[in-house]
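Colleague: Got a minute to go through this one with me? Put it up and I'll ask as we go.

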Amino acid sequence: MTALLRPATEILEKLVGFDTVSRNSNLALIEWIARHLAGQGVAATVLKSPDGTKANLFASIGPRTDGGIVLSGHTDVVPVDGQIWLRDPFRMTSENGRYYGRGTTDMKGYIACVLALVPQLLQARLKRPVHFAFSYDEEVGCFGAHGLVDHIKAAGIRPHMAFIGEPTRMQVVNGHKGSCGMLTSITGRSCHSSRTDLGANAIYAAMDVVAVLRRRAEALEADPSDTMFDPPYTTVSVGVLNSGTARNAVPGDATIQWDIRATRPGMLDPIRQELDAEVRGRILPALRARHAGAEIATETIYDVPPLTPEPDAEAEVLAKRLAGTNDATTAPYGSEAGIFQQAGIPTIICGPGDIAQAHIADEWIEVSELESCLGFLARLVKHESAS
Ligand SMILES: [Zn+2]
């Protein structure tokens, strides 16, 4: 058993105790981490969200030079609503070589391992800095990570690489699809169903919008060329269509929530442009012919960029070496990794736990996964030390 397991366990127990479901504030947890670091002489920068209710945390250890390695994770967790838990989700328990609690796998376990590493990092003669970057609101659209990347840019740090500790069972993940949440809102005019001549039916317009998206989705499906992903193409999917109040009323409003999972950068614009052209040229004029004030608007709710493999970048080369593997794989889920990569920082994902245990009732992580992660991080410290 590694000596770091006990402090990592104590920290994880503390972190799980904060109910940081994304809709809640994470400030208490961030303040606890800041105090924990301050107690060891490490100053942390707390970066508040625009409304001040949440925060990212950024801290650096080692020489005050450019570059270095970012170790990053998100502090928020998914809700437990509607799940049947046999245990208190926000009180960590230990059983049969597993730690149970919301966030143990996704991804407070990784943050606990990183924080447990602080004494080693402080003792080591680091050749370049190691940065901690902990975010808020990852689970609801990776909103917090942008503030971290902006801070890194503004501080002129230019890290050499970033490791994101999402659960991969300590496998090196070098790619995932992007995840883009879209909302199309349609405003027609409602009226009694006996006087359809007076209304502009928003459901009919919504059907036309959905038909465009479906046609596009089928065209993308017909070209399965991005073989590193499953499925090997960009997906477009309509998830929610809200409209209507009564059988005998023409609906005046409709909203469509739809989703794009892009295999690479540059896929979103053509999809948006095709929809915009169809709306402008055909769907909106038809609606306006019935009601001059009709509107159709599409907005991006979140845009999590894809992570594109960079097999020759130092991030992947070093991560493989530390993980003792020659292989890298792709993940089926989105993460903050693409946001760091988009900012010019080579990035990979490697963290403890299995994604199969994330987001579920009685979420758990194997203790051995934390030990693997601590081993990986200890090798990182050794690699980054002058002697
Ligand atoms: Zn996560």
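Colleague: How much area does the protein expose, and what share of it do carbon and sulfur atoms supply?

Modeller: This is a predicted model, to begin with. The protein exposes about 17,000 Å², and 50% of that comes from carbon and sulfur atoms.

Colleague: And what percentage of the residues are buried?

Modeller: Of the 387 residues in the protein, 53% are buried.

Colleague: How many helices and strands are there?

Modeller: The protein has 10 helices and 17 strands. Its radius of gyration is 24 Å, close to the 21 Å from the globule rule for 387 residues, so the protein is as compact as a globular protein of that length. The C-alpha trace spans about 80 × 45 × 40 Å along the principal axes.

Colleague: What share of the contacts join residues at least 24 apart?

Modeller: That share is 80%, counted among contacts between residues at least 6 apart in sequence.

Colleague: On to the metal. Which residues are the protein donors of the zinc ion?

Modeller: His 74 through NE2, Asp 106 through an OD atom, and Glu 166, which is listed with OE twice. These donors lie 1.8 to 2.6 Å from the zinc ion.

Colleague: Is the geometry of that site regular or irregular?

Modeller: Irregular, with angles of 53 to 141° among the four donor atoms. Four donors count as tetrahedral only if all angles lie between 85 and 135 degrees.

Colleague: How are the donor residues spaced in sequence?

Modeller: The pattern is H-x31-D-x59-E. His 74 sits in strand 3 (residues 69-74) and Glu 166 in the loop between strand 7 (161-164) and strand 8 (173-176), so this pair, 92 residues apart, links distant parts of the chain.

Colleague: Buried or exposed, those two?

Modeller: His 74 is buried, at 0% relative accessible area. Glu 166 is also buried, at 3%.

Colleague: Different topic. What does the UniProt annotation cover?

Modeller: The unreviewed UniProt entry annotates residues 174-279 as "domain: Peptidase M20 dimerisation". Over residues 174-279 the chain is 30% helix and 32% strand, with the end C-alpha atoms 37 Å apart.

Colleague: Where is Ser 243 placed?

Modeller: Ser 243 is in strand 11 (residues 235-243). Its relative accessible area is 27%, so Ser 243 counts as partly exposed.

Colleague: What is Ser 243 in contact with, leaving aside neighbours within four places in sequence?

Modeller: Ile 203, Pro 251, Asp 253 and Ala 254. As for Ala 219, 24 residues from Ser 243 along the chain, the C-alpha atoms of the two are separated by 27 Å.

How values were computed
Residues numbered from 1 in each chain as written. Predicted model: local features only at pLDDT ≥ 70, side-chain atom pairs only at ≥ 80, totals over all residues. Heavy atoms only, no water. Donors = N, O, S within 2.8 Å, 3.2 Å for Na, K, Ca; no water. Tetrahedral: all angles 85-135°; square planar, octahedral: opposite > 155°, others 65-115°. Helix = DSSP H or I, 4+ residues; strand = E, 2+ residues; numbered from the N terminus. Buried < 20%, exposed > 50% of the residue type's maximum accessible area, 1.4 Å probe, protein only. UniProt positions renumbered as here; feature names shortened; annotations may be inferred. Rg over C-alpha atoms; globule rule 2.2 N^0.38 Å. Contact = heavy atoms within 4.5 Å. Areas by Shrake-Rupley, 256 points an atom, 1.4 Å probe, with all protein chains shown as cover.
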